[in-house]
Amino acid sequence: MVLKLESEDPEKILEAVKDSENMGLYFLDIELKASMNGLVLANKIREYDSRGFIIFITSHSEMSFLTFKYKVEALDFILKDHPQYLQQQICECMEHVVQKYSKITRGSRKTITVIRIETVNMNTLDLVRITGILLDNAIEACQECTSRCIDFGMIKTDQSVILVVRNTYIKKELDYNKLGMPGITSKGERRGIGLYNVRSMIKKYDNVIMDTEYEDEYFTQLVEIYEENQANSL
């Protein structure tokens with residue numbers, strides 16, 4: 001568990017949530033002395049992270065019922081009235097989140113294929129970012145399934161390196177060939193910018209192509225990186 005952001009500015013927090021593809025843990029005060037209070041902020045966080053964990057730390061115990069009104073599904077409501085117990089309560093909440101997250105991901109089968117590849121004709125940072133986004137998407141899709149499976153591999157051919165991410169998923173009513181285009185996502189409104197970022201990075205290269213395959217049970221993303229700039233000629 002890593003601290004990603006500490007801020008008194010709700011807008012900065014929302015920008016960080018928008019840019020993240022991961023399930024978050026949020027400790028919020030209700031009284032923020034900003035353009036919005038903590039309850040409104042929590043409600044907006046839910047627009048981008050529907051399964052994240054929200055915990056309020058506040059001195060306003062009388063406002064606890066408002067978490068239901070704002071439909072933020074708060075995990076806990078910690079009061080500042082007893083500061084000597086504050087650290088203990090926060091630690092207990094974090095331990096509970098870890099246990100709950102472990103239950104969500106328990107039963108997932110992950111197969112990682114690792115082979116020695118000397119060179120890949122792509123910027124290393126772009127390759128790492130693309131791989132991370134595709135794996136994050138695969139993990140999130142698996143969490144919706146009863147039977148969970150993720151297969152990952154990098155395959156070396158005579159002319160290219162092929163990155164493959166394959167996972168179980170629940171098929172939805174959308175055009176999967178258009179995933180990654182503006183406004184096309186399987187994650188709900190205002191989400192799903194990860195694949196858009198992947199496609200934007202790939203557009204910089206003349207030697208890289210991306211393909212999507214989807215069946216009733218498995219969803220597959222393939223990124224083929226050619227040794228020479230020949231992808232456009234295929």
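**Exercise 1. Decide whether E73 is buried or exposed, and state where E73 is found.**

Solution. E73 is exposed, with a relative accessible area of 63%, where buried means under 20% relative accessible area, exposed means over 50% and partly exposed lies in between, computed with a 1.4 Å probe on protein chains only. This is a predicted model, in which local features need pLDDT of at least 70 and side-chain atom pairs count only at pLDDT 80 or more, whereas totals for chains, interfaces and linings use all residues. Residues are numbered from 1 along each chain as its sequence is written, and side-chain values use heavy atoms, with hydrogens and water left out.

The next step is to place the residue: E73 is found in the loop between α3 (66-69) and β3 (76-79), helices (H or I, at least four residues) and strands (E, at least two) being DSSP runs numbered from the N terminus. The last step concerns the backbone, for E73 has a positive phi of about 50 degrees although E73 is not a glycine.

**Exercise 2. Describe the backbone angle phi of K33 and the place of K33 in the chain.**

Solution. The phi of K33 is near 55 degrees, a positive value in a residue other than glycine. K33 sits in the loop between β1 (25-28) and α2, and, with a relative accessibility of 77%, K33 counts as exposed.

**Exercise 3. State how many helices and strands the protein chain has, and in which order its elements run.**

Solution. The protein chain has six helices and eight strands, which run from the N terminus as α-β-α-β-α-β-α-β-α-β-β-α-β-β. Of its 234 residues, 38% count as buried. Among contacts (heavy atoms within 4.5 Å) between residues at least 6 apart in sequence, 60% join residues at least 24 apart.

**Exercise 4. Characterise the surroundings of D49 and of I90.**

Solution. Begin with D49, which lies in the loop between α2 (38-48) and β2 (53-58) and is buried, with a relative accessible area of 5%. Leaving aside neighbours within four places in sequence, D49 is in contact with V17, N22, M23, G24 and Y26. For one of these partners, G24, the separation along the chain is 25 residues, while the C-alpha atoms of D49 and G24 are 7.2 Å apart.

Continue with I90, whose place is in helix α4 (residues 86-105) and which, at 22% relative accessibility, counts as partly exposed. With neighbours within four places in sequence again left aside, I90 is in contact with F27, I57 and I78. I90 and D76 are 14 residues apart in sequence, and their C-alpha atoms are 9.6 Å apart in space.

**Exercise 5. Describe how α1 packs with α2, and how α5 packs with α6.**

Solution. Two packed helices are described by the angle between their axes and the distance between the axes. The axes are lines fitted to C-alpha atoms, for helices over the stretch in contact, and the angles run from 0 to 180 degrees between N-to-C directions.

For the first pair, the axes of α1 (residues 10-19) and α2 come within 9 Å and cross at roughly 15 degrees. α1 is therefore roughly parallel to α2, since angles under 35 degrees count as roughly parallel, over 145 as roughly antiparallel, 65 to 115 as roughly perpendicular and the rest as oblique. The contact is made by P10, I13, L14, V17 and K18 of α1 with L41, K44, I45 and Y48 of α2.

For the second pair, α5 (residues 124-142) and α6 (residues 193-202) pack at an angle of about 150 degrees, with their axes 10 Å apart, and are therefore roughly antiparallel to each other. α5 contributes D126, R129, I130, I133, L134 and N137 to the contact, and α6 contributes G194, L195, N197, V198, M201 and I202.

**Exercise 6. Identify which residues of the largest nonpolar core touch the most other members.**

Solution. A nonpolar core is a set of buried Ala, Val, Leu, Ile, Met, Phe, Trp, Tyr and Cys residues joined through side-chain atoms within 4.5 Å. The largest one has 22 residues, of which I130, L134 and V223 touch the most other members. Its largest share, six residues, comes from α5. Not counting residues up to four places away in sequence, V223 touches I130, L134, V161, I162, L163, I202, V208, I209 and M210. Apart from this core lies another, of 17 residues, among them I13, Y48, I54 and L66.
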